[in-house]
Amino acid sequence: MSTKLPLWLRAVLLVGVVILAAGAGLFIYRYFTRPITLTVAVGSIDGEAAKAMSAMASEFVSTNALVRLKVIDSGTTLEAADAFSSGKVDLAVVRGDVGDLSQAQAVVVVSHMVVLIIAPPGSSIDSMENLKGRTVGVVGGAANSKIVDVLTREYDLVRAKVVFKDIALTDVRQAIQSKQIGALLVVAPLAERYLSLVRGFFQLDHKKVPVLIPIESAGAIAQAERAFESFDVPKGTLRGAPPVPEDDLTTLRTSLYLVAHKKLGADLVTSLTQAIMSARRNLMREQPVFAQITAPSTEQDAYLPLHPGAAAVYNATTQSFMDEYGNWIYLTPMVLGGAATMLAAAWKFLRLGSRATEGPLDSLYALSRRIRKADSEAELSDIEDEIDNILKAERAKSAGGDESAVDDATLNVAAHRLESLIHDRRTLLAKKPAVASAA
């Protein structure tokens, strides 16, 4: 085909093929290295959970992480769990005791949520038994229904005529002051932001201190309900002087997880986990709440199973350099060899440099066509001179040790063939005058 197409057309075709190959390579590279966006549902009664996750998403963008987050504020933890269980999102920030988590696998523990039952200053309520006949305000409503259920069963609060009443965050202080409730149930991290919020529910001074009510049966509850664990609130957590509580106080605790669907690939979740841990280090300087992000349990019998992609990070079983790039190292020489072959074919296609690389044998064989077309003895004599010059030049190269020189035997065979052609042509030219005279 290259002998039929003009040089300019062959050059255009070659440039087009190169551009097409480069474009395809760039597309494949961009496709496999593009950031993948995952949707994450999050909700809290104060809206801070969505703000914190949005800060995490922004950090992913600024550090050019392989994973990006699209944050969906579901309003509450329960609604976030519902969005996850219905398959509307890839990830969710959920409590271990809320919603359907059958398709969930843990990525990180965002925080630990501690159950605090608090009586107003001056109250005589100092135990679960003393709640008899009282109304307990529940901040968080339906999200805390499981906690209410386990406490009701454990302490037989139905018989004790204890009433649990859902209260909006904005109505808590007024409900306490008007004595609509005798105690308050709050589930929150032991972080300063939330402890300050709890203190603000009560009018406190050095004499008026709230009463934290212990859940003495926390250990038994935790054995029956694996979503919870027994936890001791450290002395002075709510207030330092006088300390509230006065001593370590037993209660319940559950975990707030970032969970991923089982269907998400391990490599993707590995990238997500690494990005979260990296962003945590950067964000916790400005927002201490991120310091509470920890690794979930890696035990086989953990309440919420760990996603294999996250487990690879925590167990340090992520792929090594050779594991990840070994195939590329093996294939690169093959690819380069193929590219070299294609370039050689392109060079031949364009017929570039053919004159400069023409060898002595090519020159000798080209003379055969001139011999057959020669019309005079003078032309044949000139051809014989050219043959002699080529043979002389090659023998000089051979004598000088040039390895590219053609061996004498090959030259002699080619020269002998040309001499035979010259002899035959001379004979033919000698007969032409006789034929012409006879005519």
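Q: Why is Leu-252 called buried?
A: Happy to explain: Leu-252 has a relative accessible area of 0%, and buried means under 20% (exposed is over 50%, partly exposed in between, with a 1.4 Å probe and protein chains only), so Leu-252 counts as buried. The model is predicted, so local features need pLDDT of at least 70 and side-chain atom pairs pLDDT 80 or more, while totals for chains, interfaces and linings use all residues. Residues are numbered from 1 along each chain as its sequence is written, and side-chain values use heavy atoms, leaving out hydrogens and water.

Q: What does Leu-252 touch, not counting residues up to four places away in sequence?
A: Its contacts (heavy atoms within 4.5 Å) are Met-113, Val-114, Val-115, Leu-151, Ile-215, Ala-218, Ile-221, Phe-228 and Glu-229. Leu-252 itself sits in strand 12, residues 249–261. One of those partners, Leu-151, is among the buried residues of helix 4 (residues 145–155).

Q: What makes helix 2 and helix 8 roughly perpendicular?
A: Helix 2 (residues 48–62) and helix 8 (residues 266–283) pack at about 105 degrees, with axes 10 Å apart. Roughly perpendicular covers 65 to 115 degrees, so the pair earns that description. The contact involves Ala-55, Met-56, Glu-59 and Phe-60 of helix 2, and Leu-272, Ala-275, Ile-276, Ala-279, Asn-282 and Leu-283 of helix 8.

Q: How many residues of each class are in the contact of helix 2 with helix 8?
A: There are 8 nonpolar, 1 polar and 1 charged residues.

Definitions and conventions. Helix = DSSP H or I, 4+ residues; strand = E, 2+ residues; numbered from the N terminus. Axes fitted to C-alpha atoms, helices over the stretch in contact; angles between N-to-C directions. Parallel < 35°, antiparallel > 145°, perpendicular 65-115°, else oblique. Nonpolar A, V, L, I, M, F, W, Y, C, P; charged D, E, K, R; others polar.
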